[in-house]
Amino acid sequence: MRQHAWSRNFRYWECFFAVSIVVVSVLVWRAADLAGALSASGWIAALVLWYLVLGRRIITAGFTGRQTDSRIVHLYRLGVLALFIPLGLSESESLALLIPIIAHLYWLVPWRPTVPVMVALNFVPVLVRAIEGEPVLQAVPACTVAAILSVAFGTFIHRIIDQSVDRYELIEELKASRAEVERLSHEAGVASERRRLSAELHDTVTQGLSSIVMLSQAVRASKDAGQRGEHLDLIEQTARANLAETRAMVETLATDDAPEVRADTALAELAEAAGAGFEVDGEPRHLAPATAVALVRAVQELLRNVDKHASGALVRMRVQYRESEVVVLVSDDGPGFDPSVPSSGFGLVGTRNRIVGLGGGFAVESAPGQGAMVRLEVPA
């Protein structure tokens, strides 16, 4: 368990207590006769032993969160008072120990039962004067003020400690809550990523492999050599496309600190698989993994749209490396369409969201009978 500041400073109080014992013992032996010095030394030793046997164990138990039986704590308080009274009666010089003895009672909890004992300790000098036959009234005001100050100071200290403990517990609860939120967010992120990868595997690799299986069955069933050749070409194109898509998903699984990657290689493979022309303007350079993957996935979707809506059209792909961005142009000479007419599909919408989500740009230029060109811009 983490220690608070007051518990870490406990050893300093013990040093102060030890020094006080030594100093008072020296004063007693210098001021008293042999019998008085021996008597006072005996009571001092009893007080020290009482503290070491019971008091120190009670105080240090509180530092670790263990609660001591309140009856034992009260027994210790009364024992301190019972040992200090004969000490003060044996030698008045020993009354100087009142300060460290009262100070160490501040460590005891609960605080309220300590107050009567502390008041009684402050009035021990009055009892000593009364027994020795000295004037009592002169000591009463000083003892009263000392008692009031001791109680007030102890109350102040315990209020600060209580507030500090409450603040500490609140901070620990906030830390635990934040850790729980982070854990739940991580689990939600993992679940979301699993669903996304599952959907992408179904939409790309799984469908591609299914196409390869069906084309392979068609090749086996076909007796026309020309048709077999066409089917084999389709199998090769589909396999190449699936290879490019698989590489893109592998890039997706890269960690945040993965090195940058080049997208032009994967784009060239996609273009080759789709039978499209491919050009690169500028010096190819590496992109962040997330940017490269998003760009490749967007181009994949555009090529699917071309194959779906403009099958047989001439397709061109141009990659332009600029100072702060990479531009990809995908064009075809198919039937074209009116971009202002809402589409029932999600291909272009999903591609736009993917690119815009990276802080890039997306634009479509097309008209009926004039083909189409899509412009993708991503930060480099």
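Student: How many residues apart are E187 and R183 in helix α8, and what does that make in helical turns?

Tutor: This is a predicted model, so read it that way. Both residues sit in helix α8, and the spacing between E187 and R183 is 4 residues, which means a separation of about one helical turn.

Student: How far apart are the closest N and O atoms of E187 and R183 in their salt bridge?

Tutor: A salt bridge here needs a Lys or Arg side-chain nitrogen within 4 Å of an Asp or Glu carboxyl oxygen. E187 and R183 do form one. Their closest N and O atoms are 2.6 Å apart.

Student: Which residues are linked with R183 in a network of salt bridges?

Tutor: Start on the other side of R183: its side chain also meets that of E180 in a salt bridge, at 2.5 Å from N to O. E180 and R183 lie 3 residues apart in helix α8 (residues 139–221), again about one turn. Add the bridge between R183 and E187, and the residues linked with R183 in the network are E180 and E187.

Student: Is E180 buried, partly exposed or exposed?

Tutor: The middle class runs between 20% and 50% relative accessible area. R183 falls there at 38%, and E187 does too at 41%. E180 has 36% relative accessibility, so E180 counts as partly exposed.

Student: Moving to the strands, which residue in β5 stands opposite G361?

Tutor: Strand β4 (residues 361–366) and strand β5 (residues 372–379) run antiparallel, joined by 6 bridges. In that pairing, G361 faces a β5 residue whose side chain also makes a salt bridge with R375, at 2.6 Å from N to O. The residue opposite G361 is E377.

Student: Which residue in the turn of the β4 and β5 hairpin has a positive phi?

Tutor: The two strands form a hairpin with 5 residues between them. In that turn, the residue with a positive phi, about 80°, is G369. A glycine just after α7, G133, takes a positive phi of about 80° as well, but for the hairpin turn the name you want is G369.

Student: Which helix gives the most to the largest nonpolar core?

Tutor: That core has 37 residues, and F84, L97 and L121 have the most contacts inside it. Helices α2, α3, α4, α5, α6 and α7 each supply at least two of its residues. With 9 residues, the one giving the most is α3.

Student: Leaving aside neighbours within four places in sequence, which residues is F84 in contact with?

Tutor: Some of these partners turn up elsewhere: L98 and I101 are among the buried residues of α5, and V124 is one of the buried residues of α7. The full set for F84 is L47, S94, L95, L97, L98, I101, L121 and V124.

Student: How many of the residues of α5 are buried?

Tutor: The buried ones are L98, P100, I101, I102, H104 and L105. α5 has 8 residues and is mostly covered, so to speak, with a buried count of 6.

Student: What accessible area do V19, V23 and L27 have together?

Tutor: V19 has its place in helix α2 (residues 10–31). V19 counts as exposed because its relative accessible area is 52%. With V23 and L27, V19 forms a nonpolar surface patch, and their accessible area together is about 230 Å².

Terms used:
Residues numbered from 1 in each chain as written. Predicted model: local features only at pLDDT ≥ 70, side-chain atom pairs only at ≥ 80, totals over all residues. Heavy atoms only, no water. Buried < 20%, exposed > 50% of the residue type's maximum accessible area, 1.4 Å probe, protein only. Patch = residues over 30% accessible without salt bridge, like charges linked within 9 Å, V, L, I, M, F, W, Y side chains within 5 Å. Areas by Shrake-Rupley, 256 points an atom, 1.4 Å probe, with all protein chains shown as cover. Pairing = 2+ DSSP bridges. Core = buried A, V, L, I, M, F, W, Y, C linked by side-chain atoms within 4.5 Å. Contact = heavy atoms within 4.5 Å.
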